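Hi everyone, thanks for making time this morning. I'd like to walk you through a few local features that caught my eye. Let me put the structure up.

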Amino acid sequence: MINNLEYYKVFYHVAKSGSLTSAAEELAISQPAVSQSVRQLENALGTRLFVRAPRGVSLTKEGELLYGYVAKAYEQFVLGEKKLKQMLNLELGEIHIGASDMTLQFYLLPFLERFHEKYPGIRVAVTNAPTPETLQNLQDGKIDFGVVSTPFSENAPVCAEKVREIEDIFVAGRKFIQYKNKMLDLQELEKMPLIFLEGITSTRHNMEKFLLENEVEVHPEFELATSEMIVQFALRNLGIGCVVRDFAREYLEDGQLFELRFNKIIPRRHFCVVTDRRNPMSAATENLLRLFREQRSKDDREQRNSGMLNLYQEEKTERAEAGND
């Protein structure tokens with residue numbers, strides 16, 4: 001095989017245009033340089049590729065055979081470069097994400113909407129799975145990143161960034177009104193008809209761990225596949241549901257459900273974006289992750305400003321009260 005692929009590039013342009021001069025203009029080199037490249041290629045292959053024509057050059061039979069293969073290869077190189085530039089410019093590409101129903105609905109979806117509006121050529125594929133499976137998919141290289149909920153085991157290659165706080169609560173309907181506005185002991189859960197998620201999920205694991213640490217052992221009456229179904233069962237007074245607050249927020253605000261209060265605070269958890277340090281990020285993935293980080297920084301600034309404002313109001317009130325005294 002010829003070592004210098006530049007000869008084939010020159011050959012392609014001369015054959016396509018039928019002119020040494022035109023090829024030189026397209027390649028932005030001198031005509032003698034074009035002629036020399038053609039001669040060197042012919043010498044290396046041991047055959048003539050062009051013959052002089054009245055208005056330029058034409059291919060010999062050997063040249064026609066070679067051009068049929070060179071044209072396909074060269075045009076694929078050009079197409080590859082074009083597609084690569086489009087990918088780097090976020091005009092095309094793919095992102096593979098792992099997320100549960102909860103992280104998709106209450107965190108990821110608005111970002112995907114914004115990203116799609118900005119980069120419509122990027123295809124986004126979401127693999128829906130609970131946290132343990134998402135982490136395994138990440139380590140197997142099946143996804144570019146995942147959005148999961150704590151707690152989970154953070155293995156060495158996995159990098160986790162907290163992006164949003166979430167809260168687990170117990171909710172009930174009117175049949176259990178006797179528990180409303182009462183400070184309950186966690187042990188009372190052992191006597192209640194509970195509704196939990198089925199299987200191995202971070203939500204169920206976290207709650208069971210917390211309850212066992214407080215010497216509470218529960219045996220749910222219903223184990224359901226989704227948190228949406230838990231809320232629906234609670235609305236129909238079939239039991240007391242354990243869900244992340246976001247799932248029940250609408251029904252808590254309109255009074256169809258109420259939140260049970262306990263004398264011990266249930267630890268809050270987080271949504272986390274998880275990546276694998278071993279896997280390189282595409283330009284599209286980096287830009288989507290940048291949206292997450294920018295929003296996180298904005299939320300942090302607003303929280304700090306809100307805290308400073310509250311502190312200022314408290315100090316102002318204290319000074320006013322001191323003046324009245």
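Let's start with strand E7, residues 168-172: 5 of its 5 residues are buried, so the strand is largely enclosed by the rest of the structure. Please keep in mind that this is a predicted model. If you look along E7, Asp168, Phe170 and Ala172 point one way, while Ile169 and Val171 point the other way, and all of them are buried.

So what does E7 pair with? One partner is E11, in the antiparallel sense, over 4 bridges. Another is strand E12, residues 258-259, again antiparallel, with 2 bridges. Val171 is a nice residue to click on here: its bridge partner in E11 is Gly241, and in E12 Val171 stands opposite Glu259.

Now for the backbone. Which residues that are not glycine have a positive phi? Ala28 is one of them, with phi of about 60°, and Asn237 is another, with phi near 60°. Ala28 sits in the loop between helix H2 (20-27) and helix H3 (31-45). Asn237 belongs to the loop that runs between helix H8 (227-235) and strand E11 (240-244), the strand we just saw pairing with E7.

Are these two buried or exposed? Ala28 is exposed, at 68% relative accessible area, whereas Asn237 is buried, at 13%.

One last stop: the peptide bond between Thr150 and Pro151 is cis, with omega about 0°. You'll find Pro151 in the loop between strand E5 (145-149) and strand E6 (158-166).

That's my tour; happy to take questions!

Technical notes: Residues numbered from 1 in each chain as written. Predicted model: local features only at pLDDT ≥ 70, side-chain atom pairs only at ≥ 80, totals over all residues. Heavy atoms only, no water. Buried < 20%, exposed > 50% of the residue type's maximum accessible area, 1.4 Å probe, protein only. Pairing = 2+ DSSP bridges.
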